[in-house]
Structures are given as C-alpha cells and as structure tokens.
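Subject: Structure for your review

Dear colleague,

Please find the structure below, followed by an account of what was found in it. I would be grateful if you could read the two side by side.

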Number of protein chains: 2
Amino acid sequence: MTDRYASFVQSGAGRTLVKRLGLPDPPRLRRHTPGDPLLTGPALLGAATGGRLAEPVGKILAFAGVEARDPLTIDADARFGALVYDATGITDSTDLRQLYDFLHPHARSVLPSGRVIVLGAPPAECGSPREATAQRALEGLTRSIGKEFGRGVTAQLVYVTPTGDDGTLTSLESTLRFLLSGRSAYVSGQVVRVGAGQAQAPADWDRPLDGQVVLVTGAARGIGAALARVLARDGAQVVALDVPAAGDALAAVTNEIGGSAVQLDLTTPEAPTRLAEHLAARHGRVDVVVHNAGITRDKTLGRMDADRWDSVIDVNLSSQERINDVLLERKLIPAGGRIVAVSSIAGIAGNRGQTNYATSKAGVIGLVDSLAPVLREEQISVNAVAPGFIETRLTARIPLMVREAGRRMNSMSQGGLPVDVAETIGWLAWPASGAVSGNIVRVCGQSLLGA
Amino acid sequence: MTDRYASFVQSGAGRTLVKRLGLPDPPRLRRHTPGDPLLTGPALLGAATGGRLAEPVGKILAFAGVEARDPLTIDADARFGALVYDATGITDSTDLRQLYDFLHPHARSVLPSGRVIVLGAPPAECGSPREATAQRALEGLTRSIGKEFGRGVTAQLVYVTPTGDDGTLTSLESTLRFLLSGRSAYVSGQVVRVGAGQAQAPADWDRPLDGQVVLVTGAARGIGAALARVLARDGAQVVALDVPAAGDALAAVTNEIGGSAVQLDLTTPEAPTRLAEHLAARHGRVDVVVHNAGITRDKTLGRMDADRWDSVIDVNLSSQERINDVLLERKLIPAGGRIVAVSSIAGIAGNRGQTNYATSKAGVIGLVDSLAPVLREEQISVNAVAPGFIETRLTARIPLMVREAGRRMNSMSQGGLPVDVAETIGWLAWPASGAVSGNIVRVCGQSLLGA
C-alpha cells in the first residue's frame, strides 16, 4: 500500500541516484492539515481585458489570507504559490495571446506543489462562436501546463457561470479554496464547472462540514475509511455503511471518528428501505450521500460468467440508483443536499478485462449527467469523482511492472493516496459547494489515460 | 515514415519471434479499396427488447450486401465480420445484462479487423435518468471491448437520435458503412452521434463525393496530400491549397488527381477574401471545406517566444475562423455543405512542450461545438477529426523511444497512416453524412492517451 520507490527518491541518497540515472522523480506532494495556509507563497493574479472575475477572486483570496500580487509591480525573481488568471475577458482566439503574456514570464517561478488556475466562461453560455471557441481553447492550455510544470504543480480550468460579483463570490469560494489548498494535491488537468446553484459558506473553513449528516457506503476500508476520517475531521456526523462481513473493520473506523455504523448488504432488495428507515429514525435526514461502495470482478468478456457481470453492475451502479430513488422519494435529502458518487478512470477510458466494471463506472457518469439537472430545482447537487491509480489494498495486488506503469504514468509520477480522493469528495459535499453540480472530477494526478 | 517493426512482425520469421518473446504484435489492418465488400464475414445482428433500430439497420446491411445472422439460429463455431447490437431498448442498468448475453458467447468469434458496433439512444435525449444512465454506461463497455479484443477489431458506440424508420435509414447509413468498412481501420473506441440532419445517399457508394467541390488546406504533403487523393478517388473535384513555398509538391498532388491548386498563405489578411473570390469565380461554391493546414512550434511555455505562440494559434485556429466567416458570409457553402477541421489528441489531452499547439487544437473542438448548432438550420455540418500517432514526415523526426511508445500505446499496437485520417474526413464530408454534426472523432487506434 506504499510507494517505496517514491519514499526512496525523496530521501537524500535517493535524490543523488535519481539525478545521476535520470529515473522518474516523484515530488513530495503538499497535502492538507487543518490550520494550514492555502498556499506556500503569494498568488500572482492577472486578468484579460474586460474580465469579470478579478474583483470577486481578489476578495476570495483576501478572505483566505492569500497575498495577491499584481504582474505590473513584482520583482523579476519573485516566486509564487499560485498563478491565477481571469480569462473571462477573452472573446476571440487572437486574444489568447494575453494569457501567454501573463504566463510566459512566470512559468518557471511557481513554487513546488504550486497552483495554476485559469478561470473562464462556459463555452456553451458564450455569446458568439468566436468567444466559445477561444474559451474552449483554454482547456488545451491548462492540460498542457499540468503535464509540463512538474514538481507537484497542478493546473486547472474553472468555467464560471456569470452570476454578478456577490453571486460569484459565494459560488466560487469553495472551489478556489479547494484547488489552491493541499486538499487537491492529486487533482490536476481538470475542468471544473461552477454554476449558479445556492451555496452556503461555513462559519469556519477548517470545519466546512460542521453538523452535516453524511452517509458513506463501503466505509470499512481503503478509500471509504479515508473518506469517513476526512469528513469527520471536517465536522461531519458520519454514518458509515458496509457489508456485515466487514463489521469489525467498520466498527474500528466508527470508533476512531465517533461516527455510527450500519451493517447492510446493498444488493438485497430491502436494503434501500432499511437504510432510509435507519436514517429517518436516527437523524431525520441525510445531508450528503457518498456512493463509494464498489467491487471488481475482472475477466475478459469471453471468459466472464454472468455472475461477475451482474454483481459488478448491481453493486457499483444499480444499487446507487435504488438508494437515490428511495431517499429522494422519502424527502430524506433536504435542500442543500449532496450526492457524490465514485466513478473511475476505467469508466472514462474503458479497460481490458473490465467490461463489467467500466460499464458500471461509465453508468455512474450517466447518473450524474442525468440527475444533476433534475435535482437542481431542489438545490441538491450531484457530482462524481473518478480516481486514477490510488495506493490501496486492491492496487497493491497488481503485478509489479503493471503497477509501476500505472503509478508513474501521470503528471505527479506517483500513485495517489485514499486521502486525496476523500478530500475531493469532501469539497463536493460541502454546503459551500452548491454551485458545483454535474461535474466529474478525476483524482488521478493527471493520468495519461483517458478517452 | 514506415513502421519497420510492424512489417517485420507481419513476416513469417517475425511472427515466430514475437510469440516466443511476448513482443507487441501489431496486426495487419484491413483497409479500404474501391469495390471491397464492407466486411470479410457475416454480421451477427442482435437487439435488446423494445429496440427501435433493428429494422433500419437490417435494411442498411442488406442494401450493403452484408449477410446478417440471427443469434438464435447460428452454429456454435460461426465466425463473424461484425457484431452489431441495437441497445436502444435498454432503459435501466439492470437491462444491460441483455448486451452481455449477446456479446459474451461471441466475444471470441470476431474475425481479424472485425467490428463491434453498439447502437444506443443519446443520453441527453432519454426520457428518464435511469434510461440515460444505462445508455451512458454503454460507453464503458465499447471502450473496454476496443482495448480487449485485439487483432485489429474496432469497437464503437453510435448514439442515434430517433427520427422514425425511414429517417434512421437515411441518417445512419453512411456512418454504418464507414464503421463497418476498412475505411475506419484506425478508428476505435469512439462515440459517434447521429442526429436528425438532412442526408443525401449517393448513386454509387464507391463514389460518395461525386461532383462535390472540396477545398483542402495544407494539401501539399502528409495527411493533406493523402486527403486530396482519397477525396478525388471518391469522386470529388479537389481544390488543393498550400503556401507558395510548397508549390511544387502541391502541383505534383493536383496533377496526380486532376484537381486544381491554390497557392496562398492563409495567415495574410487578404487570404480569406482571395480564397473566396477564387472559389466563386472557378466553381461558384464550395461544398466541403477541410481545414487541414497546421504547424507545430514546440517549446515549454517558459522558453516559448511570442512568435511561436502567435504563429501556431493563427495558422491552426484563427485562420480557420476567418475563412469560415468569409465563406459563410458570402454564401459560398450551400445547404448540404460540410466543414471538417483537423484537431489533435494534444487538443484533447494537452501535451508537454505544446501549450500553443494544444490550445489551438482545443480551440478547433470549440469551433465545432459552437458552430455546429448555429449552422444546423442551413444544413451545413461541422465536425473535426483528432488524429493520434500518424506515420508522417513529422512523426518520423520524433526520437526513437518516444516514437515507439506513441506507436504502440493504442489498441492497434501501431501508428496510423495518413490515409486513415483521410478516410475519416471523407466520411464526414459525404452528402450522405448530413446527420453527423458536432462530432469530434479520434483517429488514433484507440490511443491510451486522453483526458
């Protein structure tokens, strides 16, 4: 479950050897601890002419204690924790030059585990094809920067729906805080869409889930256990669910975090009703539902028996649908509620030997796409994360060479940790993230794999 | 420009060595020659209960001379040129089992360079979240099959907008013929959307571009020259354009195919007008515009001078916009017209050292996304292809090890040929393909790289 090579590389002797031999050089990623500042240095804040986000973004940075610098008044040797650029003023491909002018002189002045964030206008909401084209072009830029900058620097494109300055302040703050912080250590090369949904800022940004009732399925081990810990750390009352066979491991997690445990096999016909009754009786509601439970039963399609197909589709996809339907029908998810599902890179790109798993995980993307607009009126957001190579019990069983390829084939040259997936799910679950819905966010260190 | 390893592997001595050592085993791909049958064996045609496409698809196969077999009446040892499945009847994730039941027994009976085609309903047009989820799940299945089946077998998902049986026959035929044939040799793991646009079947499917006036930019060499040849072979009057410096190579191409040559630097301010005037005077119209001209000027962002940025954005993106605008404004593209642009995998995934190129090629995707709905009323389709690793003069210059990785990291274990890109552009340009608009089709052998 550990990446011994990365530990070695980050040691003194390792560093020398890696440089001599030109071996892959996974950086030590900056991860979040409560109380951490958002960045390790000031942010350089720029904007294209006519942009609409510089003011709200400036305010968000100030609230968050980040020092923002102006490109016109900095020293030549200044170093930055982040480069943040408001590109909403770009309305034509020829205007993209402004972004080059901002980034080019500072491309090599971003600190390790620094951040590059470009804020744009959603192409589908642009007024002309020329503007939509230029805004869509930004994606090629940020994805390239993610692959180019190295040293744990991440790059993201955030498309922000216009909602006026105050609206933007409220809707964008949680996303900007997440992306700047160490919480997003293993998230890079992503496109995040911030819409116009209702968001509720927390009293304390170190406890963004204070008082929220959060259900986590598959919580006994791996990503689920990390999730339970992170959500509890951030203030949530965690209801941790797993199959009866994992009861001991589940109890260990809930004892550690002070949450409650539910032993339930989600594939049984009565499971959704029993779960709904439990939540209604104990909490009267569930603010956040995290569909994390999942299984793999790998075989090539010609050798796959029907049971492998059925069980994977049922646990990873159909059971999520059944639970959502019952919880929504019984109005147990209130306004401001959140549904977060776990998809996978395999659901995006497909994978040899995983027709069943990839089908189920692509279905999860369909669930998000189709449910998010339906639940917008009720102010319930629906999102998914798609993990890449994460160091768990499951990946530890992959043969060495395949495992090494999976680990290194991303912009961080290393596998992610369960906590990286947990932090990303956490952000999507915050009351402050109500404007983020219908997103599929990869937690993959910008894996080369994709569709 | 050739893949010597693939040639060796396909020889007698090579085959033995490859098997002994477990080396990559690139199959010889089936490519199109006029007069070829669509498939090398019968098609197995299945459908989920309640599907709406079995009848029109059956007719298309019959028109095309393909023998269609019924899963209930075949021998156990039958082998197939294609597995074709109408999945439009699937309205719930539990129904996906029907697709498994169809594919599982025949997964190993597909002939080399065979085809797997799943036809679905566009998720965004589905009546319920459950249906949309199940339809979206199909993508994980077909992408996995593409990675799993090997031997040059391709797998695609085609989402078909409901237009009634006759409408579907007309709108779907060109796409089905393309995907079954050797024309799509290097296209796999793709999702194609067939909408409700007007389509016009040709008198002769071996000359699907008969009488069409087609402009090809960057036609002197590489993919552009292959394009000019393929389009002329298929009946088009080709207007081949390139810069004056490539005049000799351009003349060689047009002499060979009987097309006309235009020497023009597209980055000059007067180029769009001059081009429009030339087309108006010579042909009175241009039915198909293929924006193929493109350049690379690679450097990491910190080392990239402004000229590299500007020239790549201008040639690859802004000049396309300027030409479209002038040709559309002057009504030179008639109803039934086609715009096909060349994007790139780098525009989808980003690439180290190519911030300028990836930005321009992502912009091309934006151009398609934003222009397609605007031009739908005028019955002009807009699509793009995104080539992966194609064997050209440019890729021949890539250092050996990087080149080998690029070549082998796809489901075909080999680079594509310029003709593969050309055939795909050809299909999108056909009068018969009017129902295909707003698509980005990768020609990459299902490269592992993506976003």
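UniProt positions are given here in the numbering used for this structure, with feature names shortened, and such annotations may be inferred rather than shown by experiment. This is a predicted model, in which local features need pLDDT of at least 70 and side-chain atom pairs count only at pLDDT 80 or more, while totals for chains, interfaces and linings use all residues. Residues are numbered from 1 along each chain as its sequence is written, chains are lettered from A and ligands numbered from 1 in the order in which they are written, and side-chain values use heavy atoms, with hydrogens and water left out.

An unreviewed UniProt entry places the feature "domain: Ketoreductase" at residues 212-388 of chain A. That stretch is 49% helix and 18% strand, and its end C-alpha atoms lie 28 Å apart. Helices (H or I, at least four residues) and strands (E, at least two) are DSSP runs, numbered from the N terminus.

Chain A is superposed on chain B by a rotation of 180 degrees with 0.0 Å of shift along its axis (RMSD 0.0 Å); the fit is by least squares on the C-alpha atoms of residues with pLDDT of at least 70 in both copies. This is the relation of a two-fold axis. In chain A, the C-alpha nearest the axis belongs to A:G450, 1.8 Å from it. Both copies use the same surface, since 100% of the contact residues of chain A recur in chain B.

In that interface, 68 residues of chain A are in contact (heavy atoms within 4.5 Å) with 68 residues of chain B. The area buried between the two chains is about 5500 Å², of which carbon and sulfur atoms give 57%; buried area is the accessible area (1.4 Å probe) that two parts lose on being put together, summed over both. On the side of chain A, A:Y100, A:E148 and A:L301 lose the most area to chain B, together 12% of what that side buries.

Six salt bridges (a side-chain nitrogen of Lys or Arg within 4 Å of a carboxyl oxygen of Asp or Glu) cross the interface of chain A and chain B. A salt bridge joins the side chains of B:R130 and A:E321 (4.0 Å, N to O). The largest share of the side of chain A that touches chain B, 14 residues, comes from α5(A).

Over all chains, the structure holds 46 salt bridges. Within chain B, B:E173 pairs with B:R177, their closest N and O atoms being 3.0 Å apart. These two residues are separated by about one helical turn, because they are four residues apart in helix α6 (residues 164-180) of chain B.

Yours sincerely
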